[in-house]
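The following questions and answers work through a structure, one topic at a time. Each answer ends on the item asked for.

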Amino acid sequence: MEISQAQAVIEALLFTMGKAVPLKDLAAVLEHDEETVRRIIHQMMDTYKMQKRGIQIIELEDSFQMCTDPAYYDYIVRLTHQPKKHTLTDAMLEALSIIAYKQPVTRSMVEQIRGVSSDYVINRLIEYNLVTEVGRLDAPGKPILFGTTEEFLRTFGVKSQDELPVIDPVKVAEFKTEAEEEAALKIET
């Protein structure tokens with residue numbers, strides 16, 4: 001199969017599926033090895049970017065998805081008259097970051113770190129499809145374990161959990177000291 005035909009097949013598959021398609025599935029359909037298919041897709045990604053096309057292919061872990069270029073979001077909103085952007089509050093971002101970095105994590109673990117009830121924010125994150133149930137903890141009551149979704153990766157523009165920014169241990173120590181000092185001030189007053 002010629003490269004141009006392989007590109008056309010990949011484009012048709014990604015467009016039709018409308019969701020992330022695992023690389024192994026694309027390779028099986030094309031009857032090529034995964035690395036060859038990955039190179040072809042990366043060439044397509046570069047071409048779309050160079051030509052400033054309205055669509056793009058994004059990589060999510062070991063899958064690929066065709067979607068619109070975020071630069072054209074405002075035009076889509078004008079046509080549909082229904083903006084889809086969800087606003088994430090500070091509390092939601094806080095809970096989401098805990099889940100992203102500690103996953104899989106239970107609701108009570110999130111609450112222990114945040115120091116407040118997190119039912120509402122976790123439920124909103126589930127509604128926004130940024131967080132999902134990934135299993136149950138083998139403990140009394142079998143609490144639900146939460147993790148992030150492909151939508152989380154798309155929203156924050158990362159291919160996988162490995163691309164999340166590394167937290168500087170010095171900053172963590174500084175935040176901890178500030179929080180302890182703040183907590184001590186509130187107790188004294």
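Q: In which loop does Pro104 lie?
A: This is a predicted model, in which local features need pLDDT of at least 70, side-chain atom pairs count only at pLDDT 80 or more, and totals for chains, interfaces and linings use all residues. Residues are numbered from 1 along each chain as its sequence is written, and side-chain values use heavy atoms, with hydrogens and water left out. Helices (H or I, at least four residues) and strands (E, at least two) are DSSP runs numbered from the N terminus. The peptide bond from Gln103 to Pro104 is cis, with omega near -5 degrees, and Pro104 lies in the loop between H5 and strand E4 (105-106).

Q: What is the phi of Lys142, a residue other than glycine?
A: Lys142 is in the loop between strand E5 (131-136) and strand E6 (144-148). Its relative accessible area of 41% makes Lys142 partly exposed, where buried means under 20%, exposed over 50% and partly exposed in between (1.4 Å probe, protein chains only). The phi of Lys142 is positive, near 45 degrees.

Q: Where is Lys52 found, and what is its phi?
A: Lys52 sits in the loop between H3 and E2. With a relative accessible area of 64%, Lys52 is exposed. Its phi is also positive, near 50 degrees.

Q: Which element gives the largest share of the largest nonpolar core?
A: A nonpolar core is a set of buried Ala, Val, Leu, Ile, Met, Phe, Trp, Tyr and Cys residues joined through side-chain atoms within 4.5 Å. The largest one has 23 residues, and Ile99, Val110, Leu125 and Phe152 have the most contacts inside it. Two or more residues come from each of strand E2 (55-60), helix H5 (90-102), helix H7 (119-127) and helix H8 (150-156). The largest share, six residues, comes from H5.

Q: How many residues are in the other core, the one that includes Val21 and Leu30?
A: This core lies apart from the largest one, and Ile41 and Met45 are also among its residues. Its count is 17 residues.

Q: Which residues is Phe152 in contact with, leaving aside neighbours within four places in sequence?
A: Phe152 counts as buried, at 4% relative accessibility. Contact means heavy atoms within 4.5 Å. The partners of Phe152 are Leu96, Ala100, Asn129, Leu130, Gln161 and Leu164.

Q: What are the centre distance and plane angle of the Phe152 and Phe156 pair?
A: Rings of Phe, Tyr and Trp (its six-membered ring) pair if their centres lie within 6.5 Å; planes under 30 degrees apart count as stacked, over 60 as edge-to-face and the rest as tilted. Phe152 and Phe156 are four residues apart in helix H8, so about one helical turn separates them. Phe156 is partly exposed at 37% relative accessibility. The pair is tilted, with 5.0 Å centre to centre and 45 degrees between the planes.

Q: How is the pair of Tyr72 and Tyr75 classed?
A: A search of the whole structure finds two aromatic pairs. The ring centres of Tyr72 and Tyr75 are 6.4 Å apart and their planes are at 40 degrees, so this pair is tilted.

Q: How far apart are the closest N and O atoms of Arg38 and Glu59?
A: A salt bridge is a side-chain nitrogen of Lys or Arg within 4 Å of a carboxyl oxygen of Asp or Glu, and the count by this rule is twelve. Arg38 in helix H3 (residues 34-50) and Glu59 in strand E2 are 21 residues apart, so the pair links distant parts of the chain. Both residues are buried. Their closest N and O atoms are 2.8 Å apart.

Q: Which residues form one network through salt bridges that share partners?
A: Glu59 also forms a salt bridge with Lys159, the closest N and O atoms being 3.6 Å apart. Lys159 is in the loop between H8 and helix H9 (169-188), 100 residues from Glu59. Lys159 is partly exposed at 33% relative accessible area, whereas Glu59 is buried at 10%. The network consists of Glu35, Arg38, Glu59, Asp62 and Lys159.

Q: Which residues does Cys67 touch, not counting those up to four places away in sequence?
A: Cys67 is in strand E3 (residues 63-68). Its C-alpha atom is separated by 8.1 Å from that of Phe15, 52 residues apart along the chain. The residues touched by Cys67 are Gly54, Ile55, Gln56 and Ile58.
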